[in-house]
Amino acid sequence: MQYSQLCKVYEELEQNSSRLKKTEILADFLKKLKKEKDQEIIYLLQGKTFPDYSEKEFGISEKLCIKALTKASGTSDKEIIERWRKIGDIGKVAEQIMGRKKQNTLFSHKLTAKKVLDNLKKLPELEGKGTIERKLALISELLTSASGTEAKYIIRTLLGDLRVGTGEGTIRDSIRDACFETSSEEDTSKKSLNVMDSENKKQITETIQDAYDKSTDWKLVFEQACKGLSALKSTELTPGKPVKVMLFPKEDSFEDGFSRVGKPALIDYKYDGFRMMINKNNNQIKVFTRRLDDVSKQFPEVKEYVKKYIKGESFILDTEAVGYDPETKKYRPFQEISQRIKRKYDIDKMARELPIEINVFDIIYYNNKSLIKTPFKERRKIIEKIIEKHPYKIRPSEAIITESVEKAENFYKKAIEDGEEGVMMKNLEAPYKPGSRVGYGIKIKPSENDFDLVIIEAEYGTGKRAGWLSSYTVACRKDNKFLEIGKVSTGLKEKTEGLTFKELTKKLKPLITKEHGRTVEVKPKLVVTVVYQNIQKSPKYSSGFALRFPRITRLRPDRKAGDVATLEEVKKEVERKS
DNA sequence: CGTGTCTGCCCC
DNA sequence: ATTCTGC
DNA sequence: GCAGAATGGGCAGACACG
């Protein structure tokens with residue numbers, strides 16, 4: 001298969017925003033892959049080279065892509081960055097400059113999809129001295145034999161940002177349409193196992209989704225779909241192989257929460273830790289993060305607790321790990337346990353200094369049986385039955401079941417007093433939906449504070465925000481000086497009514513005093529209100545603090561730079577919360 | 001050897 | 001993480 | 001209502017360079 005054929009599909013997908021149309025385009029292409037037995041290419045369709053649970057990484061991003069482009073084209077860094085500033089897409093920059101090159105040099109090499117896949121797959125294998133040089137060589141080898149369009153998609157694939165709009169749902173539906181024929185209404189005589197009518201079309205879609213939920217690997221699902229329905233159905237959840245976690249959208253009130261998840265609901269604490277999927281298969285115990293990274297080594301205590309305090313031969317648990325101070329037993333902010341997640345050295349020392357408590361809130365597999373479709377209330381019962389509760393080690397999450405808004409609010413107050421982030425509300429009858437926000441559950445967090453701050457720097461955006469100044473460095477005040485307290489770039493509107501990026505860009509441009517690359521310095525004049533969830537210590541900003549989850553809610557034309565929050569006020573807030 | 005820069009479908 | 005937007 | 005895109009802070013590790 002020629003890489004250009006694949007790029008043609010990318011282009012078509014990019015040009016058509018309708019999901020039905022995308023499905024049609026993809027299904028046609030998948031049929032070709034099916035015929036050529038080239039199912040691995042399905043990874044490239046989502047801009048990947050490995051399944052989601054793979055640990056492999058390119059180790060390539062913006063800076064190195066720019067370097068590779070410089071190497072392959074001879075164009076200067078400066079010009080590339082300038083073009084990037086203007087059009088907001090390094091892929092498109094590559095298209096321009098590699099395309100331009102090709103007009104002069106007659107090139108006859110045809111890039112195959114396999115060649116691209118091969119070179120990309122080599123990237124994660126390289127390590128040690130000279131790695132970067134060798135990676136750049138592999139990339140520029142591809143770029144030099146690529147057309148403009150091909151260069152664009154090679155770069156976007158490296159950046160992990162294909163931007164053609166092929167999410168899981170589209171891939172799933174395309175596999176369905178590529179592997180199962182739709183029966184025409186006139187032709188009812190043609191009955192075969194692989195023929196869909198509108199009734200079983202839905203079921204087939206579900207079967208494919210289910211196979212993916214259990215394997216987290218589109219190549220495998222595609223291969224099985226090619227064999228037929230029964231092959232798909234044979235996919236089983238396997239403890240030891242990671243599964244995507246269920247996600248929960250935010251809701252503002254318990255009334256809204258109940259109307260979403262039904263009554264009664266289970267309400268449990270939302271801990272400020274990190275997601276941990278614990279897998280046990282006989283004596284093998286593995287721990288995965290939300291993005292399916294294996295962190296078993298980083299958290300040796302998990303093995304111990306699981307062996308000692310949980311009954312069962314095999315299981316998959318969904319949990320939240322929170323750090324605490326071993327002496328005072330006080331819970332510690334996320335910032336601190338985050339030190340343990342990617343650690344390779346001093347693991348045991350950190351485990352002693354910053355132990356974790358595992359709060360188990362769901363179970364999706366138990367003793368050789370998938371519980372994905374078992375109602376949540378049953379799953380919760382199993383959790384309570386099999387876990388021997390040991391606070392500061394492992395325990396079921398703190399929870400109540402209620403249909404009363406008042407009881408819910410009291411429970412929430414208790415959660416906040418205990419220093420937790422808020423609560424979750426969950427539908428008692430719901431199945432577990434891996435990787436989905438359709439999560440039959442929601443989260444509720446406290447209302448937030450804000451500061452009025454002044455913009456002192458801004459950066460040009462990328463993708464759909466290209467051409468606008470769309471990210472702003474904001475500052476508080478100390479005497480007559482302005483001290484950075486973070487960056488903010490969300491809350492503004494792209495198109496609809498309200499404060500838009502366009503408007504802010506227009507107001508900032510006359511204030512520009514200096515430009516370097518994609519950032520500009522501006523006179524401290526524009527004041528905005530910034531809402532945040534927390535204040536953290538910052539090693540990066542001159543105020544020594546940074547805002548956690550900042551967003552802009554409004555412009556304050558009535559305020560001057562001298563009116564913004566002072567460092568003293570920021571410090572007071574930090575103390576008030578601790 | 002220390003420091004700076006870059007990267008991560010990172011974690012939140 | 002949060003937010004906005006197109007479907 | 002959902003998925004996807006574009007962004008936030010901070011962390012450890014890996015490599016380049018002086």
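A polar side-chain atom of Thr-496 lies 2.6 Å from a phosphate oxygen of DNA strand C. The model in which this contact appears is predicted. It places protein residues around DNA strand C and around DNA strand B, and it also holds pockets and cavities. The points below take these topics in turn.

**DNA strand C**

- The protein surrounds DNA strand C with 17 residues, and Thr-496 is among the closest, together with Ser-17, Lys-493, Lys-495 and Arg-551.
- Of the strand C atoms that lie within 4 Å of the protein, 97% are part of sugar or phosphate, while the rest are part of bases.
- Arg-290 also reaches the phosphate part of strand C: an N or O atom in the Arg-290 side chain is 2.8 Å from a phosphate oxygen.
- Thr-490 has a polar side-chain atom 3.1 Å from a sugar or linking oxygen of DNA strand C.
- By class, the surface near DNA strand C has 10 charged, five polar and two nonpolar residues.

**DNA strand B**

- There are 20 residues around DNA strand B, and those that come nearest are Lys-48, Asp-52, Glu-57, Thr-289 and Arg-291.
- Of the strand B atoms that come within 4 Å of the protein, 84% belong to sugar and phosphate.
- Two backbone contacts involve phosphate oxygens of strand B: a polar backbone atom of Ser-61 is at 3.1 Å, and a backbone N or O atom of Lys-63 is at 3.4 Å.
- Asp-293 uses its side chain instead, with an N or O atom 3.3 Å from a phosphate oxygen of DNA strand B.
- Helix α4 (62-73) and strand β4 are the elements that give two or more residues to the surface near DNA strand B.
- Of the elements, α4 gives the most to this surface, with three residues.
- The surface near DNA strand B is made up of 11 charged, five nonpolar and four polar residues.

**The β4 and β5 hairpin**

- Strand β4, at residues 274-281, pairs with strand β5, at residues 284-288, in the antiparallel sense over five bridges.
- One of the partners across this pair is Phe-288 in β5, which bridges to Met-277.
- Two residues lie between the strands of the hairpin, and Asn-282 takes a positive phi near 55 degrees.
- In a regular strand, side chains point to one face of the sheet and then the other, in alternation.

**Pockets**

- The largest pocket has a volume of about 1,400 Å³.
- Its lining has 34 residues, and the ones nearest the centre are Pro-333, Gly-419, Asn-534, Lys-577 and Ser-578.
- Two or more residues of this lining come from each of α16 (334-341), α19 (405-417), β19 (534-537), β20 (545-548) and α21 (567-577).
- Domain 3 (254-444) and domain 4 (449-577) each give at least three residues to the lining of the largest pocket.
- In that lining, 16 residues are charged, 10 are nonpolar and eight are polar.
- The second largest pocket has a volume of about 1,000 Å³.
- The second largest pocket is lined by 34 residues, with Gln-46, Lys-48, Asp-52, Lys-244 and Arg-291 closest to its centre.
- The lining of the second largest pocket has 13 charged, 11 polar and 10 nonpolar residues.

**Cavities**

- The structure has two cavities of 30 Å³ or more.
- The largest cavity holds about 60 Å³ of space, and the second largest has a volume of about 40 Å³.
- Residues lining the largest cavity include Ile-42, Tyr-43, Phe-50, Pro-51 and Trp-218.
- Gln-46, Lys-48 and Asp-52 line the largest cavity and are also among the residues closest to the centre of the second largest pocket.
- Domain 1 (3-158) and domain 2 (168-233) each give at least three residues to the lining of the largest cavity.
- The lining of the largest cavity has five nonpolar, three charged and two polar residues.
- Around the second largest cavity, the lining includes Met-246, Phe-248, Asp-362, Phe-376, Arg-379 and Tyr-440.
- Helix α18 (376-386) and strand β11 (422-427) are the elements that give two or more residues to the lining of the second largest cavity.
- Six nonpolar, three charged and one polar residue make up the lining of the second largest cavity.

How values were computed: Residues numbered from 1 in each chain as written. Chains lettered and ligands numbered in written order. Predicted model: local features only at pLDDT ≥ 70, side-chain atom pairs only at ≥ 80, totals over all residues. Heavy atoms only, no water. 1 Å grid on protein atoms, 1.4 Å probe; cavity = no way out; pocket = protein on both sides within 12 Å on 5 of 7 lines; lining within 4 Å. Points joined across faces, edges and corners; volume = space filled by probe spheres on them. Helix = DSSP H or I, 4+ residues; strand = E, 2+ residues; numbered from the N terminus. Nonpolar A, V, L, I, M, F, W, Y, C, P; charged D, E, K, R; others polar. Domains from an automatic or database assignment. Near = heavy atom within 4 Å. Polar contact = N/O pair within 3.5 Å; in protein donor to acceptor, adjacent residues only side chain to side chain. Pairing = 2+ DSSP bridges.
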